[in-house]
Each structure stands twice: as C-alpha cells, then as structure tokens.
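Please look at the sequence and the structure together, and follow the strands one pairing at a time.

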Amino acid sequence: MVSVQHSCGALRADDVGSTAELSGWVNRRRAHGGLIFIDVRDRDGITQIVFDPQHASFSEAEKLRNEDVIRVRGQVRHRPAGTENAKLATGDIEVGVEHLEVLNRSLVPPFQVNSDEDVDENLRLEYRYLDLRRPRLQRNIAIRHKIVKALRDFFDDRGFLEIETPMLIKSTPEGARDYLVPSRVHNGSFYALPQSPQILKQILMISGFGRYMQIARCMRDEDLRADRQPEFTQIDVEMSFATQEDVLELMESGIRHTWKRVLDVDLQTFPRLSHAEALSRFGSDKPDLRFGLELQHVNDVFAGTEFVVFKSVIDSKGAIVALRYPGGASLSRRDFDALTELAKQNGAKGMVWIALGADGVKSSAAKFIDEAAIAKLRERTQAETGDAILLFADARDASLAVAGKMRNEIGERCGLRDPQKFAFAWVTDFPLFENDEETGQPAPAHHPFTAPGEGQWDLIDSDPLAMRAQHYDMVLNGFELGSGSIRIHKPEFQRKIFAMLGMTQEQIEERFGFFIRALDYGAPPHGGMALGIDRIVMLAVGETSIRDVIAFPKNQMARDVMMNAPTPVPPRLVRDLGLQVTAPSVSPA
C-alpha cells in the first residue's frame with residue numbers, strides 16, 4: 001500500500017486502514033505494556049505513534065529522546081477503547097510504526113519545549129529556535145500571519161496598492177531617535193532607518209496613487225517597554241481626498257473584518273471620545289473601556305473645606321478626583337499605606353482614602369471629611385458599603401493622570417480587565433500643540449504634518465495651544481493601537497508649522513526641502529493612519545508582551561541574545577566607513 005505524507009495534525013478516524021508517513025519532532029516518549037508510545041509533533045499538531053517489539057525499528061525507538069527529528073511510516077488505526085484523547089484533533093487514532101528513520105538527534109533542551117511552563121525570558125530568547133517550537137508561540141505566530149493576511153485582503157478589495165518604501169532614507173526626526181547607517185561610498189554621510197514611511201506615503205499621494213497601504217517595518221532608537229521594540233511592524237495606510245470620517249470608517253471596518261475572519265468575533269461599533277472627554281472620565285487618552293469605574297470630579301464636594309491640601313488645590317484651579325474601589329473597605333491600614341505609596345510612584349503627592357465598612361466609615365483624613373461630604377461622594381461614585389473611595393488632589397492634568405493609572409490598577413486587582421474582552425474605541429480632537437518642557441514653546445503634540453481642525457488656523461499666531469488637530473487614535477483595552485491624521489497639504493501652511501518649531505529657512509530647506517517642493521506641485525488633500533501589528537496581535541491572542549508575538553524580538557536591553565547583537569565590528573570595516581569608534585572594538589581583521 002502506498003503511504004501518503006501527512007502533517008501531524010491531519011489524520012482522523014476516516015484515515016483508519018491507510019498507510020501514512022509522518023515527519024516531525026519527538027514531543028514526548030513513554031513505555032507501557034511492552035510498547036513504546038511517542039507523540040510526534042509538527043506545526044500543525046501531534047499524532048501518537050506506537051512501536052511494537054516485533055518490528056525492527058523498536059530497538060531504535062528505545063533510543064529516541066525529546067526533540068529528536070524523525071520520519072515514520074505505518075498503518076493508521078483506532079486507539080483502543082478508553083484511551084482516546086479528546087484534547088487532540090488526532091486523538092481518536094494512532095499510527096502503528098512499520099518504518100522509522102532518525103533524521104537528526106537533539107541535545108537535551110535547556111527548558112521543556114513540549115509545555116508552556118514559565119521560563120526565564122532571556123533564556124527563551126537565547127534559544128529562540130526552541131522557544132518558537134512551543135505550542136503558545138506557534139499559535140501566536142500563526143495568528144499573526146492570519147491577521148496580516150486578513151488586513152492585506154481587506155485593503156486590496158478596496159483598491160489600495162501595496163507599495164514598498166525604502167529602508168535607507170534621509171534623517172528627518174519624528175520625535176524619537178533615528179538609527180543611523182554610515183555610507184562607505186559617501187564618507188561622513190549617513191542614511192537613517194525609517195521611523196515610519198510618513199513623508200514617503202504623503203509623496204505617494206502627491207504622485208497620484210490615491211490609495212496606498214504597506215506592511216511596513218519601522219525602527220526607533222528609544223527605550224523599550226513591554227509593548228515596544230526598536231524595530232516593529234505596522235499596517236500603514238494613506239488616502240487622497242479623504243476626510244477624517246472616511247479614515248475612521250475605513251480603519252474600523254478593517255479591524256472588524258479581521259476580528260471576524262481570524263477570531264470569529266463580531267465587534268460592536270467603536271465608541272468615540274474626544275481627547276478632553278477621555279482624560280476627564282478615565283484619566284488617559286488610551287482608556288481601558290472593559291470596565292467602568294469612571295473618575296469623578298468632586299471639587300464642589302469640598303467647597304469651603306479647611307483641609308489645607310484640598311483647599312490649596314481648589315484655590316489654584318486644580319482638581320480633586322474621586323475613584324471607587326469595589327470591595328476596598330476590606331483593606332487594612334497597611335494595605336492602604338501600600339496603595340498610597342503606589343499612587344506616589346505613579347506621580348501623586350499623596351492619596352486620601354475612605355473605607356465604607358459595614359461597621360462604620362474609616363478614613364486617612366477623617367477629621368476633615370464629614371458625613372455630608374461622604375454621602376455626596378457615595379452618590380457621585382456610586383460606592384456601596386464594602387467599597388472604598390480614593391481621592392487625588394493636584395493640578396488638573398497631574399491629578400487625572402494619577403487617578404487614571406490607579407483606575408487601571410484597581411481594575412486589575414478586582415479582575416475587571418478581562419483578557420478575553422475587546423473594548424475598542426476612537427479618541428479624537430487631540431491638541432495640535434503642547435508646551436515643550438525644555439523650551440517652553442509650543443511643539444507638535446504628534447508629528448508636524450498634522451492638519452488642524454476646521455477653522456483652527458486663525459489661532460496659530462494668537463493661541464496655538466488652543467488649536468485642535470484632525471488627529472485620531474484607535475485604542476484597545478488601554479493600549480494605543482495606532483494614530484492617524486488628516487495631513488497639511490498646502491506648502492505655505494507646512495512652512496508655517498516648521499517655522500513655529502524654531503527652524504530657520506535654511507534648516508527647513510536642509511531637512512524638508514524635497515517635501516515642501518513636492519507640496520508645491522499640486523498636493524491633494526489626504527490623510528491616513530498606521531496601526532501597530534505587534535500590539536494588535538498581542539491583544540488578539542491575550543499576551544502581555546509583544547515579544548511573545550514576534551518571531552525574533554530584542555530583549556528589554558534592545559539586544560538580540562540569540563545572535564548576540566549588537567556587537568563590535570573589525571576596525572578595518574570602521575575605517576572603510578571613515579569613522580572612529582571610541583568604544584572597545586574587536587581584534588583586527
């Protein structure tokens with residue numbers, strides 16, 4: 001009988017009686033009743049194979065160990081009654097091995113590959129090729145592929161062209177540090193790796209392509225976080241003759257399509273919040289809407305208070321913000337002290353707590369908060385007996401920021417941040433400018449190519465900090481997935497923004513002269529957006545770090561510990577580039 005090559009997740013009861021050939025890794029080996037049972041694994045699944053002592057391959061099977069690579073041929077048969085494995089798609093069958101070929105042996109792995117038990121992350125990254133064999137990461141990378149394909153198909157169906165933009169470009173800083181690439185041919189000159197294709201995709205609109213998209217690789221030399229890497233991938237989109245509403249509708253439809261196609265999840269219409277509303281209600285411009293616990297502004301509750309802290313905040317036009325802590329009355333004073341310390345670590349000057357216990361009310365500021373104030377706070381926060389109320393008082397922005405961080409902390413402690421729930425939202429109407437802390441001058445709140453809202457240009461000389469932008473963020477579960485905007489398409493307005501940033505005409509020409517000239521040749525109105533693929537996949541599969549959805553990520557120190565990069569290079573190569581290196585170098589070559 002001719003054998004058919006199958007993946008290790010393909011065989012079913014309908015295949016019983018046929019001869020199959022399987023190739024893969026030894027996932028687990030066990031001996032029982034004189035037989036040797038091996039689970040053989042590949043990307044598609046696991047199949048149980050059985051070695052009988054009467055076959056010549058039995059003695060070789062006794063030598064097999066986990067992660068050895070094998071090829072087997074044998075007859076598909078039903079598992080004996082009562083030994084079926086409902087957890088496996090192939091759990092009703094097994095393969096009785098008639099031929100075994102050992103393709104390669106494996107050393108003993110430094111951690112268990114056949115489970116998802118916790119392993120030190122640096123060890124996982126050092127042996128990433130083993131880590132990637134593990135079930136969770138195999139699933140994550142497969143879902144990443146499906147998400148990218150679904151997005152590609154969505155935009156292709158709507159007439160978008162995928163156009164690649166170069167990786168070696170001019171350094172035009174967009175808020176983070178560039179990675180620089182020295183040129184050997186042009187000694188002393190440098191390319192930059194793109195932080196994003198921003199200017200290039202705008203030039204594609206000026207070039208008349210109308211609808212562009214790209215799965216773009218981007219690089220930023222910045223500090224790392226759990227949701228950030230020095231190199232990352234985004235779905236980059238730009239449209240000509242588009243309004244903000246056009247972009248929001250398109251991008252939301254793309255995500256709804258992708259969630260349905262890949263995860264079989266029907267998403268509801270994304271709620272929209274203005275930037276000011278998001279800060280006021282949730283203390284964040286990327287609010288986690290999986291739970292309530294909205295912040296409450298309670299300055300009026302303490303009007304006329306003699307509590308110095310609250311009185312000074314009210315007099316200085318600051319904000320007193322209240323946050324409900326469900327079940328918080330059960331905390332001890334020591335617990336509240338620790339919570340206060342956490343609030344300070346998040347930027348608070350202090351925190352007042354009120355515990356609404358069944359046996360009475362306790363507070364860290366009991367002599368300053370009377371029963372009437374407590375009754376108003378209960379009503380405002382909808383707190384019940386058994387809950388606690390946390391109060392933060394500071395300058396408005398500072399108070400909201402701390403309260404927002406503590407809201408997320410309380411949501412986590414109370415189990416309200418369900419990783420299986422997807423709470424998308426749009427945040428719109430961002431400020432166009434913000435105060436630069438170093439210079440005290442207005443600086444773009446995002447990148448300098450963002451257009452202000454309708455009727456906002458008149459404020460640019462008189463009150464630039466009051467200007468609102470045609471800028472929008474998509475957020476999910478407390479993470480920003482990406483940003484977009486309608487762009488400035490008139491050259492005189494773009495020059496004005498650059499000048500506001502303190503650039504001289506010479507500096508504008510040096511850094512952006514090519515772009516301004518392109519705008520001079522009939523640039524259409526246009527806008528777009530970029531969404532982070534890494535964050536999308538991380539949240540879609542319920543991970544907490546983007547490193548678990550990237551095949552070969554850097555660690556928290558921006559190092560590739562598998563390849564041991566970055567590393568010094570031979571002095572000869574440095575000399576060829578016309579450079580000198582002050583850090584230690586490798587031996588001459």
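How many bridges join strand S10 to S11, and do these strands run parallel or antiparallel? In this predicted model, strand S10, which covers residues 211-219, is joined to S11 by 9 bridges, and the two strands run antiparallel. To find one place where they meet, look for arginine 211, which stands opposite methionine 239 in S11.

Strand S11, made of residues 231-240, also pairs with strand S23, residues 526-532, and here 7 bridges join the two strands in an antiparallel arrangement. Within this pairing, glutamine 234 has glycine 532 in S23 as its bridge partner. Since a residue is called buried when its relative accessible area is under 20%, and 9 of the 10 residues of S11 are buried, this strand is largely enclosed by the rest of the structure.

Another group of strands can be followed through S6, which spans residues 93-104 and runs parallel to strand S4, residues 45-51, with 2 bridges joining them. Valine 50 is found opposite glycine 96 in S6. Strand S5, residues 69-78, pairs with S6 in the antiparallel sense over 10 bridges, and isoleucine 70 stands opposite valine 102 in S6.

Turning now to the surface, Met167, Leu168 and Tyr191 form a nonpolar patch whose accessible area together is about 250 Å². Methionine 167 belongs to the loop that lies between strand S7 (161-162) and strand S8 (180-182). Its relative accessibility is 35%, and methionine 167 therefore counts as partly exposed, a class that lies between the limits of 20% for buried and 50% for exposed.

Definitions and conventions:
Residues are numbered from 1 along each chain as its sequence is written. This is a predicted model: local features need pLDDT of at least 70, side-chain atom pairs count only at pLDDT 80 or more; totals for chains, interfaces and linings use all residues. Side-chain values use heavy atoms; hydrogens and water are left out. Patches are made of residues with over 30% relative accessible area and no salt bridge: like charges are joined within 9 Å, nonpolar side chains (Val, Leu, Ile, Met, Phe, Trp, Tyr) within 5 Å. Accessible areas come from the Shrake-Rupley method with a 1.4 Å probe; for residues, only the protein chains shown count as cover. A salt bridge is a side-chain nitrogen of Lys or Arg within 4 Å of a carboxyl oxygen of Asp or Glu. Helices (H or I, at least four residues) and strands (E, at least two) are DSSP runs, numbered from the N terminus. Buried means under 20% relative accessible area, exposed over 50%, partly exposed in between (1.4 Å probe, protein chains only). Two strands pair if DSSP finds at least two bridges between them.
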